[in-house]
There are 2 protein chains.
Amino acid sequence: MIVLDKNENEPKYLQIYKYYKSQIVTGQLVEGNRLPSTRSLANSMGISRNTVEAAYQQLCTEGYLTGKACSGYVVLPFDVYLYNDLLDNQTQKNAGIMEVLQDSSGQDIKQNIKYNFQYEELNIKDFPIRTWKRAINEILNSYEIDCLSSYNDRCGESGLRKEIMKYLYFSRGVRCKPEQIILTSGTLSAISLICQLFMDDYSEVALEEPCYDSARKAFKNHQMKTIPIPIEEDGISIPILNASNAKLVYTTPSHQFPTGKVMGINKRLNLIKWAEEKNAFLIEDDYDSELRYNSRPIPSLQSLDYKGRVIYINTFSKSFTPSLRMSFIVLPYSLLKKYKQKFSRYNCTVSWIEQKAMQFFMQDGSWSRHLRKICTANKKKHDALLAEIHQCMKDKVVIHGNNAGLHILLEVNNGMNEKELISRAEEVGVRVYPVSVYWENQENYKNNMVLIGYSSLTEEEIKKGIQLLQSVWF
Amino acid sequence: MIVLDKNENEPKYLQIYKYYKSQIVTGQLVEGNRLPSTRSLANSMGISRNTVEAAYQQLCTEGYLTGKACSGYVVLPFDVYLYNDLLDNQTQKNAGIMEVLQDSSGQDIKQNIKYNFQYEELNIKDFPIRTWKRAINEILNSYEIDCLSSYNDRCGESGLRKEIMKYLYFSRGVRCKPEQIILTSGTLSAISLICQLFMDDYSEVALEEPCYDSARKAFKNHQMKTIPIPIEEDGISIPILNASNAKLVYTTPSHQFPTGKVMGINKRLNLIKWAEEKNAFLIEDDYDSELRYNSRPIPSLQSLDYKGRVIYINTFSKSFTPSLRMSFIVLPYSLLKKYKQKFSRYNCTVSWIEQKAMQFFMQDGSWSRHLRKICTANKKKHDALLAEIHQCMKDKVVIHGNNAGLHILLEVNNGMNEKELISRAEEVGVRVYPVSVYWENQENYKNNMVLIGYSSLTEEEIKKGIQLLQSVWF
C-alpha cells in the first residue's frame with residue numbers, strides 16, 4: 001500500500017513511480033501482475049488520475065510495465081536475480097582505485113622546488129591579457145554572436161584561416177590557401193587526424209631519433225609502428241630513412257626537438273625529392289620556429305615544397321598560450337580530397353569564440369606585436385641563461401640547441417648520469433628535466449644531458465638556478 | 001656586385017643575405033667559392049662588419065655557407081638542378097584544387113529554403129548569452145587567470161569535473177568520481193580517444209543499425225570494423241550481438257539515434273550481463289537525454305552498471321551549444337590504469353577559460369536554470385510540431401522518436417521514397433533530411449522516412465513548414 005509523504009517535496013507521481021518500481025525490482029510484483037487502474041488508485045489516494053497516469057507511463061517508457069489507461073497496466077518480465085547479481089559486490093567497481101590514485105600525474109611540482117626549469121608552461125607576464133579580454137568581448141558583443149549556437153565551419157573559421165595563411169606566408173614562407181588549413185585542438189589532435197588520414201595506407205611512421213615523445217606516443221596509440229631515424233648534423237639521415245619502409249615522416253626541421261638542430265638546405269631539398277620519389281609524405285612540425293634569437297627564422301620546409309609532399313603543422317601553444325588548445329594543419333592539395341572523404345562529418349575541435357577572438361587579435365596587429373614582445377623577452381632570458389652557464393660551468397658542459405625556442409639541452413661532463421644530475425639538482429630546490437624520454441632506443445643516448453626550459457622564470461631566477469646547479473654538479 | 005637599396009625599408013643585412021642566397025640558388029656561386037671577408041665587404045659598402053656578419057651567419061644556419069668570421073666563409077654544395085626540378089611545374093601543387101572547391105561542405109543552405117528543419121544547430125534565443133558573458137569575464141578577471149599560460153590538468157579542470165559529477169548523478173543517475181571524467185573537444189574526439197584506448201585489443205565495434213553515422217565514420221577512420229546490429233522494439237538485439245565477435249558496443253540507450261527508441265530495463269540488465277561475461281565494454285552515448293517531454297529522463301545505462309563495463313559519454317552540444325566543443329567521457333575504474341598508460345602525455349583538448357566558465361556557470365545554478373528553460377522551449381516546439389502533423393497528415397504518416405530530444409523521424413506513406421520526399425519539400429522552400437545515411441546496410445531501411453529537427457525554428461515556422469510539406473506530399 002502506497003503512503004504518500006505530503007511533506008516530501010518530491011512530486012506525488014514520482015513517489016508512486018518509485019513505489020511500484022521498487023515493488024518490481026524486489027520481486028513483490030512479478031510478470032503478469034496487474035496494477036490498480038488509474039481511476040481506482042487515484043480515488044483511493046485522493047489524487048488526480050493524471051498523476052497516476054504519469055507514474056505508470058514512466059514505468060512503461062523504462063520497460064517495467066506495459067498497457068494503456070483504458071485496458072490497464074501489467075508488469076513485464078523482470079529478472080530479479082540478474083538485477084541483484086549485477087548489484088552485488090560493488091567492491092568490484094572500485095577495483096584498481098588505489099593504484100590509480102597513487103599514480104600521480106607527474107605534473108605537480110614538489111613544494112621544495114624553488115627554481116623549476118620546466119619547458120611546457122609559459123610566463124603569464126608575457127601574455128597580453130588585456131588585449132585578449134578585449135578580443136573575447138569584441139566577439140561576445142558582436143552581431144556574429146548568433147553563430148554561437150552552431151557547429152560552424154568544420155575546418156575552422158574562414159576569417160581566422162585567412163589570417164593564419166597571411167601570417168604563415170610572411171613569417172614562415174608557407175604557401176597555402178585557407179581551404180588547406182584545418183584548426184585542431186592541439187598538436188596531438190593534429191597528429192591523430194593525420195593518422196586517421198593515412199592509417200588505411202601506411203602502418204609505419206619514421207621519426208627523428210631523438211624526437212618529441214608525445215608525438216611518438218600518439219602515433220603508437222594509432223597502432224602505427226614508429227621507426228627511429230638517427231639525426232646527423234644537418235638533420236635526419238636520408239640513407240637510413242630510405243632503407244626503412246616508411247612512407248610517412250614526422251620531422252621538426254627548423255628547430256629539431258629536443259636537440260635544436262636546424263635541417264640544412266640541401267637536406268631539405270633531398271628530403272622533399274625522396275618523398276616525391278617514394279610517394280611519401282613529410283609531416284613538418286614547425287612548433288616554436290617564431291622564436292629565433294641572433295638570426296632570422298629559418299624558412300619552413302613547406303616553403304620549398306612544390307610537389308605537395310609536406311603536411312605542415314604548427315601550434316599557438318608555444319607562441320601564445322597552451323591553455324587555448326589551438327593548433328593547425330596545412331594539408332597539400334593532393335590530400336584535400338581524401339581529407340574531405342574521411343572527415344566530411346567531423347566538426348572543428350576548437351572553440352568558436354576563441355577562434356573569432358584570435359582572428360580579431362591577428363587582424364588588429366596585436367598578434368605580431370605579441371610575437372615581437374615574447375621574442376625579445378625570451379631572448380633576454382636565453383642570453384642570461386647562456387651567460388650564467390658560461391660563467392659558472394665553463395668548459396665542463398656543452399650547450400645544445402641554443403639561439404632558438406624556449407629550451408636548451410645541457411650536456412654535463414662531470415661523470416654523473418641524467419638521473420643523478422636531476423636528483424642532485426632537486427636537493428638544492430632546482431628542477432631540470434630528463435632527455436632520455438625522447439629516445440626510442442635508450443642505447444643511442446649518452447646518458448649525460450638534461451633539458452632546461454627558461455621561459456617561465458625571470459632572468460634573476462635563471463641566474464640563481466644555474467648557480468645552484470653549479471654548486472651540486474661540480 | 002651588391003647594390004643596397006637605401007630607400008628599401010628592408011634591413012641591410014637582409015639584402016646582403018638575399019643577394020648571396022640568390023647567387024647560390026642560381027648557381028653563380030658554387031661549392032668551394034669563397035665569399036668576400038666581412039671586413040672587405042663592410043668597407044667596400046660603407047656598412048658595419050656586424051651587418052655583413054649577420055647576413056653570413058644566417059646563410060650558415062640555413063646551410064648555404066660554412067665558416068667563421070676569422071677564417072672566412074665558403075659556399076657549401078648546393079644542387080641547383082634538384083632545386084629547379086622541385087621548383088618547376090608548380091601546377092602539380094594545384095592538382096585537385098577544382099574538385100576540392102566544387103565539393104561544397106554540404107552545410108550551406110540554399111537561399112530559397114525558408115523553413116529548414118535541420119537538427120544540428122540550436123536556437124540562439126535559447127542560449128543564455130548574458131550569463132555566459134558574465135561567466136567568461138568572471139574567469140578573465142579572477143586571480144586564477146595565471147593558469148592561462150599553462151596546459152593545466154590533462155583530463156580537464158578538477159572543479160568542472162566535480163560539477164559534472166554532481167550533475168550526472170542527480171540528472172542521469174551516473175555514479176562516478178571526478179578522476180573518472182575526461183573532457184574532450186566533441187563526441188568524435190571522445191570516440192577517437194576510446195578507439196586509441198582499445199585499438200590494440202579490439203579491431204571490431206558493434207553499432208546499432210541504424211546509428212549516428214558520424215560515430216560510425218570515426219570508428220572506421222580508426223580502422224575499426226563496424227558491425228551493424230539491428231535494433232528491436234526495446235533496443236539492440238543481444239542474440240545477434242552475441243553471434244558477432246564484437247567486444248565493444250556503441251549504443252544510445254536512452255534516446256536511440258535516430259529512431260528515438262528507449263532501451264528497456266531488461267535489455268539494459270542483459271546487455272550489461274553480456275558485457276561482463278564477454279569481457280566486453282559498452283559505450284553509452286547519452287547525447288541529448290536531458291531533453292525528455294511528458295516523462296522524466298530515462299536513467300542512464302551506467303547507473304545500472306556495477307561491473308565497470310560501461311563507458312559513458314555525453315556532450316554540451318545538444319543541451320548548451322555545439323560551438324563550445326565540450327564533451328566528456330566517464331571511464332570505469334577498470335580502464336583508468338590503461339588510460340593513464342596511453343594518455344599520460346596528452347593534454348586536455350578543451351579551452352581552459354571555457355572550462356572554468358562552465359564550472360562557474362554550473363556552480364551558480366545557471367546550468368540547471370538553462371536546462372529547465374530549453375526543456376520547456378523545446379517541448380513547446382515538439383508539441384506544436386506533433387499537433388500540426390496530426391492535423392495535416394493524420395494517419396498518412398507515422399511519427400517515430402517523439403517525446404524526446406530535438407528531432408523526430410517521419411515515416412511518410414504516400415508512395416514517395418526519401419529522395420522524392422526531400423526534393424518535393426525543397427520545391428516549396430522546406431528542407432527535411434535523409435535518414436538513409438544512418439544505415440550501414442541500405443537494404444535494412446524501408447526508404448520512406450525523413451528526419452525533422454525543430455529546435456532552431458519557431459512554433460510559427462514549424463506550423464508553416466509542416467503545412468507546406470502536406471501540400472507537396474499529399
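Helix α16 of chain A, in this predicted model, runs over residues 459-473, and its 15 residues reach 21 Å from the first C-alpha to the last, close to the 21 Å expected at 1.5 Å a residue. Within α16(A), the residues I462(A), G465(A), I466(A), L469(A), V472(A) and W473(A) are buried. Seen down the axis of α16(A), these buried residues fall within an arc of 130 degrees, so they line one face of the helix. In general, an α-helix has 3.6 residues a turn, so residues three or four places apart point the same way.

The buried residues of α16(A) pack against two helices and several strands of chain A, among them α14 (366-393), α15 (418-427) and β13 (407-412); β3 (115-116), β14 (430-431) and β16 (449-453) also belong to the elements that they pack against.

Turning to the interface, 113 residues of chain A are in contact with 112 residues of chain B, and the two chains bury about 10,000 Å² between them, with 56% of this area on carbon and sulfur atoms. Of the area that chain A buries against chain B, 8% is supplied by L86(A), Y151(A) and Y306(A), which is more than any other three residues supply.

The polar side of the interface is summarised by two counts.

| Interaction between chain A and chain B | Count |
|---|---|
| Salt bridges | 6 salt bridges |
| Polar contacts, both residues at pLDDT 80 or more | 45 residue pairs |

One salt bridge is formed by E120(B) with R154(A), where the closest N and O atoms are 3.8 Å apart.

Technical notes
Residues are numbered from 1 along each chain as its sequence is written. Chains are lettered from A and ligands numbered from 1 in the order in which they are written. This is a predicted model: local features need pLDDT of at least 70, side-chain atom pairs count only at pLDDT 80 or more; totals for chains, interfaces and linings use all residues. Side-chain values use heavy atoms; hydrogens and water are left out. Helices (H or I, at least four residues) and strands (E, at least two) are DSSP runs, numbered from the N terminus. The expected span of a helix is 1.5 Å times one less than its number of residues. Buried means under 20% relative accessible area, exposed over 50%, partly exposed in between (1.4 Å probe, protein chains only). The arc is that of the directions from the helix axis to the C-beta atoms. Contact means heavy atoms within 4.5 Å. Buried area is the accessible area (1.4 Å probe) that two parts lose on being put together, summed over both. A salt bridge is a side-chain nitrogen of Lys or Arg within 4 Å of a carboxyl oxygen of Asp or Glu. A polar contact is a pair of N or O atoms within 3.5 Å; within protein, one must be able to donate a hydrogen and the other to accept it, and residues adjacent in sequence count only if both atoms are side-chain atoms.
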